[in-house]
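Student: Can we go through this protein together? I keep meeting labels, and I'd like to see where they come from.

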Amino acid sequence: MASSSTFLRLWLTDRARDTLLSCVSKEDLPAFRLACHDFSVRAAPLLFEEVNIDFRASTFTKPARMAALDRLGHHTRALTFTMAHTPETFLPPLLDPTTGEEITFTYEPYAPTSRDSLSRLSNPTYGSWEMTDMLVKQYSPLFHAAANVPSFIRAFSSLPNLKHLKISCPGQEAVQRYRRSIVDYALISLRIAVERSNLSSLDTLSLVSIHPGAVLYLNPIMGFGALPNSVKRWKRVTNLTICMDSIPFVPYPPSDHLKLLHSYLHLFASSLTDFVFRWQGVKGLSPLSLDKEVCLQKASPDMACPRRCHLALRPLKFEKLRNMEVENIVVDASQISSFITAHRHTIRDFNFEDTHLRSGDWDQALTPLTRISGSEKWKEKVEEVMDVPLLLSPVGLEEKRVNEALVDYFTCKPRPSRPSIGAWQKAGSRSRELFGGTPEHFRRFLRTSVFSWR
C-alpha cells in the first residue's frame, strides 16, 4: 500500500474513503478488513453499526465474544435482540424431588450493584440454596443464561452509543399467553440492563413480533428488579414502534393484556414524538382509546384479576406526539375524532391503515380537521385508487409492426370514454388464466391485446 502513493492519498482523504466504503456490501466488509490493519480499523464502524443477536445459552457468557464486544461495541448504533418462542423456551412445572408436588417459584432478579465477583458466589441466585439447586437440576442452561442479569448488564455497557433497540420474540402460541417462558426472563434481564447501563443516546425502541405479555416484563413500573430511576431511562425514548400478536376482538375479550398495553403506553406519554402500532393477525382494538372500550370497564369471567376490573383507565395523552400510525384495528369514529381533538396542538401526520369503523363514517371521524383548519379544503385532497391494466410487449415482433398496430388501434378503433369495472375484472381473470401456461396460451393472450398477432 505504501508503494502506491496515488491510492494512499485517495485513501487518506476522508470523503473519498467514506464514499468507497459505502459502496462495499456488508457481505464483503469482513474480507475487506482482512487486507490490512488500517482497512480493518476504517471498515469497523460500517460493519458493526447494526448488530443482530439471536440469543442462545452462551451469547453473553462466552469470553471471546464478550471481549470482541468490548472492543467493537462503541461502533454499534442499532441492536436487534431476537429470541423466538420454541419448545426449548417452554418451562415445565417445578417439582419437589422428594414428594413430586409442584413448587411455586417467586422470581426476584439478581442484579448486584458492585463489581465484586465474589458476591454472586456468596449469595444464592434464586432466593435460597435449595431453590437454586432445584432450578439448576430441572431447568435448561438457556433459562439460567436468560436470568443472568449481570451478563446482560456487561453486554449493554459495551454499547455506549446505542440509538435504536429492536426486540423480536416471535412464535408464541395463543394457549401459552398466561404462562411464563424463558423468553420472559430474558426480557426482564434486558430491561434491567438497559436501565443500569449508560445509554444516553438511546431514543428509538422497536418491539417487533412480540407477544402481548412482553409489555409486562418490559414495564419498569411493574417491578421485577426496578429501581426508583428506572422510569427516567425509558422516558428518553421518542420513537416507539410496536408490532404485537393480535388479541381477537370479541364481545368480552381477555382484558388483562389490553390493560397491560395501556399501562405500558402511559410510560411514554410525556416523551413520544413518533408512534407506530400494528396488530399481527386478526384486527384488534385501538391501543389509543382503550379507556373508552366498554369491555374493559365491565366485569368479565375471563379476567385474571376480576376485583380490579372496576378501576377506570386513564386516557392516553401524548404531550409531544407529531407522527402516528395504527394498522389493523377496530375502532369507532368518535374515538378517532376524540384522539385528533386531544392532540390537535402537536400532531402533524396520522395514518389509519386497514382500519374498520364499528360505528360512524370517516367524515365523522375526521370532523376535527374542519375545526382545526377552519374550512373543508382537506376533503378535496382525496386519494384516487384505480386498477391499471398490464400490457406486455410481444417478443419477436419488429418495431415497425408494433408502431403500425398502435397507430391502427388509436385511429381506427373507437375507444370507450370510461371503461367499466366489470371489463377490468374480466380482463384480469382472463389474464390470470393465460399466464403461466404453454406458448399457445401466451399467443392467445397476445391476440387479446392491442397488437395484431399472426
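**Where the labels come from**

Tutor: Sure, let's start with some rings: Phe105, Tyr107, Tyr126, Tyr139, Phe143 and Tyr185 are linked into a cluster by ring pairs. Keep in mind that this is a predicted model.

Student: How many aromatic pairs does the structure hold?

Tutor: There are 18 aromatic pairs. One of them joins Tyr217 and Phe224.

Student: What makes Tyr217 and Phe224 an aromatic pair, and why is it called tilted?

Tutor: Two numbers settle that. A ring pair is described by the distance of the centres and the angle of the planes. For Tyr217 and Phe224 the centres are 5.8 Å apart, and the cut-off is within 6.5 Å, so they pair. The planes make 55 degrees; stacked needs under 30 and edge-to-face over 60, so this pair is tilted.

Student: And why is Tyr217 called buried?

Tutor: Its relative accessible area is 8%. Buried means under 20%, so Tyr217 qualifies. Over the whole chain of 454 residues, 40% count as buried.

Student: What secondary structure does the chain have?

Tutor: It comes to 19 helices and nine strands. Helix H10, residues 182-196, is a nice one to check.

Student: How do you know that the span of H10 is close to what is expected?

Tutor: H10 has 15 residues, and from its first C-alpha to its last it reaches 21 Å. At 1.5 Å a residue, the expected value is 21 Å as well.

Student: What makes H10 mostly covered?

Tutor: Of its 15 residues, 14 are buried.

Student: Which residues have the most contacts inside the largest nonpolar core?

Tutor: Those are Phe156, Leu205, Ile242 and Phe275, in a core of 90 residues. H10 gives the most to this core, with 10 residues. There is also a second, separate core of seven residues, and Phe32, Phe39, Ala43 and Leu47 are among them. As a general point, nonpolar side chains in soluble globular proteins tend to be buried together.

Student: Why does Phe39 count as buried?

Tutor: Phe39 has a relative accessible area of 11%, and the limit is under 20%, so it is buried. Phe39 sits in helix H4, residues 37-47. Its C-alpha is 9.6 Å from that of Trp11, although the two are 28 residues apart along the chain.

Student: Which residues does Leu205 touch, leaving aside its neighbours within four places in sequence?

Tutor: Its contacts include His164, Trp234, Leu240, Tyr264 and Phe268.

Student: What is unusual about the phi of Ser209?

Tutor: Most residues other than glycine have a negative phi. Ser209 is not a glycine, yet its phi is positive, about 55 degrees. Ser209 belongs to strand S4, residues 204-210. Asp354, in strand S9 (residues 349-357), also has a positive phi, near 50 degrees.

Student: Why is Ser209 called buried, and why is Asp354 called partly exposed?

Tutor: Ser209 has 15% relative accessibility, which is under 20%, so it is buried. Asp354 has 44%, which falls between 20% and 50%, so it is partly exposed.

Student: Let me try one: what makes Ser337 buried? Its relative accessibility is 15%, and that is under 20%, so it counts as buried.

Tutor: Exactly! Ser337 is in helix H14, residues 333-342. Beyond its neighbours within four places in sequence, Ser337 is in contact with Gln364, Ala365 and Pro368.

Notes. Residues numbered from 1 in each chain as written. Predicted model: local features only at pLDDT ≥ 70, side-chain atom pairs only at ≥ 80, totals over all residues. Heavy atoms only, no water. Helix = DSSP H or I, 4+ residues; strand = E, 2+ residues; numbered from the N terminus. Buried < 20%, exposed > 50% of the residue type's maximum accessible area, 1.4 Å probe, protein only. Phe/Tyr/Trp six-rings, centres within 6.5 Å; stacked < 30°, edge-to-face > 60°. Expected span 1.5 Å × (residues − 1). Core = buried A, V, L, I, M, F, W, Y, C linked by side-chain atoms within 4.5 Å. Contact = heavy atoms within 4.5 Å.
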